[in-house]
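Subject: Structure handover

Hello,

Please find the structure below, with the sequence alongside. My notes come after it.

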Amino acid sequence: MASCISSSSFTVNVIVALALLVVFTGSSSAKLSTSFYSKRCPKVFSAVRPVLINAISKAPRLGASLLRLHFHDCFVNGCDGSVLLDDTATFQGEKTAPQNNRSIRGFKIVDDIKTAVEKVCPGVVSCADILAIAARDSVVILGGPNWAVKVGRRDSKTASFKDAGNDLPVGIFNLSALISNFRNKGLSPQDLVALSGMPLSFSQSWLLDFWFSTTIYGKNPLNQEQGGLSRLFLNVLDNFKCQINVAV
C-alpha cells in the first residue's frame, strides 16, 4: 500500500472535489458570485455559521449529513434546493426516492438556518444557497479546508422522484456501475472517489475504510482488475484514503 502523503495535498483534493458541485448548476443556473448578496444580504454568511456551530457541537455527524444533503441536491437536476421539497398534489419529490428515503438528514437544521437568515434579510437568500453555505461551513467547523462559496442560485419550485431514482448512485452499485453513474454527469473516477468519500471522511474514518474496502477493493464481478481500475490508480486511491485519515 502506498504511504500517506502531505495534508496540504489532501486540502487541494478536497477543495477541487467540492468545487465540482458547481458543475451541477442545472435549472438553478444563474451568474454565481461570492459577492452576490453583498448589498442585498451582507450578513448572510455570519447568520449561518452560529447556527451550525451550535448544532454540530451537539451532533458532530450532522456536518457530514449536510455535506451529503448538498451533494444529493446537486446530483439531481442541479443545485436548486429541490431535495428539500415535500410531496405536493402535483409532484412526488426527491425525499422519498430509494437513495434518499430514511438516508439523507439535516432538514431541521436547514430550517433553523433559514429562520436565522430570514431575520436579517427576509425573502432574499435561496434555500439552494443556504445548502451550499452550510456544506462549506460544516466542513470548516469539523476541521476541514475552507473555500469561497459562490452564491446566486435559484430555488426550484418542483422536484422529481423519478429523476432522483434514476440519477443518484445506489448503495448496491459495484465500482463499475459507480464509475458509469458519475461519468453520466461528466465526472471522472477521481471525482467519484473524492465526492463519495468526503461525507464519510467527516463522519467516522472507519466508515471510509469500509467504503474503500467493499467498493474499491471488495469482491465484485470484475474482481481480477479490482473493478477495472489500473494498479496505478489503486495506488492513487491508497494515497487519497491516507490523506483523509490524516485529516480526520
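The notes below cover the disulfides, one further cysteine, a serine in a helix, and a helix pair.

Please keep in mind that this is a predicted model.

Disulfides

A disulfide is a covalent bond between the sulfur atoms of two cysteines. Searching the whole structure gave 2 disulfides. If the bonded cysteines are numbered in sequence order, they pair as 1-4, 2-3.

One disulfide joins Cys-41 to Cys-121, with 1.7 Å between the sulfur atoms. The torsion about its S-S bond is about -40°, so the link between Cys-41 and Cys-121 is left-handed. This pair connects distant parts of the chain, as its two cysteines are 80 residues apart. Cys-41 sits in the loop between α1 (7-19) and α2 (44-58), while Cys-121 sits in the loop between α4 (107-120) and α5 (127-141). Both Cys-41 and Cys-121 are buried.

The other disulfide is formed by Cys-74 and Cys-79, whose sulfur atoms are 2.1 Å apart. Here the angle about the S-S bond is 115°, and the link of Cys-74 and Cys-79 is right-handed. Cys-74 has a relative accessibility of 1%, under the 20% cut-off, so Cys-74 counts as buried. Cys-79 has 2% and therefore also counts as buried.

A further cysteine

Is Cys-127 buried or partly exposed? Its relative accessible area is 23%, which makes Cys-127 partly exposed, because the range for that class runs from 20% to 50%.

A serine in α5

Ser-138 is part of helix α5. Its relative accessible area is 0%, so Ser-138 is buried. Which residues does Ser-138 contact, leaving aside its neighbours within four places in sequence? They are Leu-52, Ile-56, Gly-63 and Leu-66. Of these, Leu-52 and Ile-56 fall within the residue range of α2 (44-58), and Gly-63 and Leu-66 within that of α3 (residues 61-75).

Helices α3 and α4

Leu-66 also appears in the contact between α3 and α4. The axes of these two helices come within 10 Å and cross at roughly 85°. An angle of 65 to 115 degrees counts as roughly perpendicular, so α3 is roughly perpendicular to α4. On the α3 side, the contact is made by Leu-62, Leu-66 and Leu-69. On the α4 side, the residues are Phe-107, Ile-109 and Val-110. Sorted by class, the contact of α3 with α4 has 6 nonpolar residues, with no polar and no charged ones.

Regards

Conventions: Residues are numbered from 1 along each chain as its sequence is written. This is a predicted model: local features need pLDDT of at least 70, side-chain atom pairs count only at pLDDT 80 or more; totals for chains, interfaces and linings use all residues. Side-chain values use heavy atoms; hydrogens and water are left out. A disulfide is a pair of cysteine sulfur atoms within 2.5 Å. Helices (H or I, at least four residues) and strands (E, at least two) are DSSP runs, numbered from the N terminus. Buried means under 20% relative accessible area, exposed over 50%, partly exposed in between (1.4 Å probe, protein chains only). Contact means heavy atoms within 4.5 Å. Axes are lines fitted to C-alpha atoms, for helices over the stretch in contact, and angles run from 0 to 180 degrees between N-to-C directions. Angles under 35 degrees count as roughly parallel, over 145 as roughly antiparallel, 65 to 115 as roughly perpendicular and the rest as oblique. Ala, Val, Leu, Ile, Met, Phe, Trp, Tyr, Cys and Pro count as nonpolar, Asp, Glu, Lys and Arg as charged, and the others, Gly among them, as polar.
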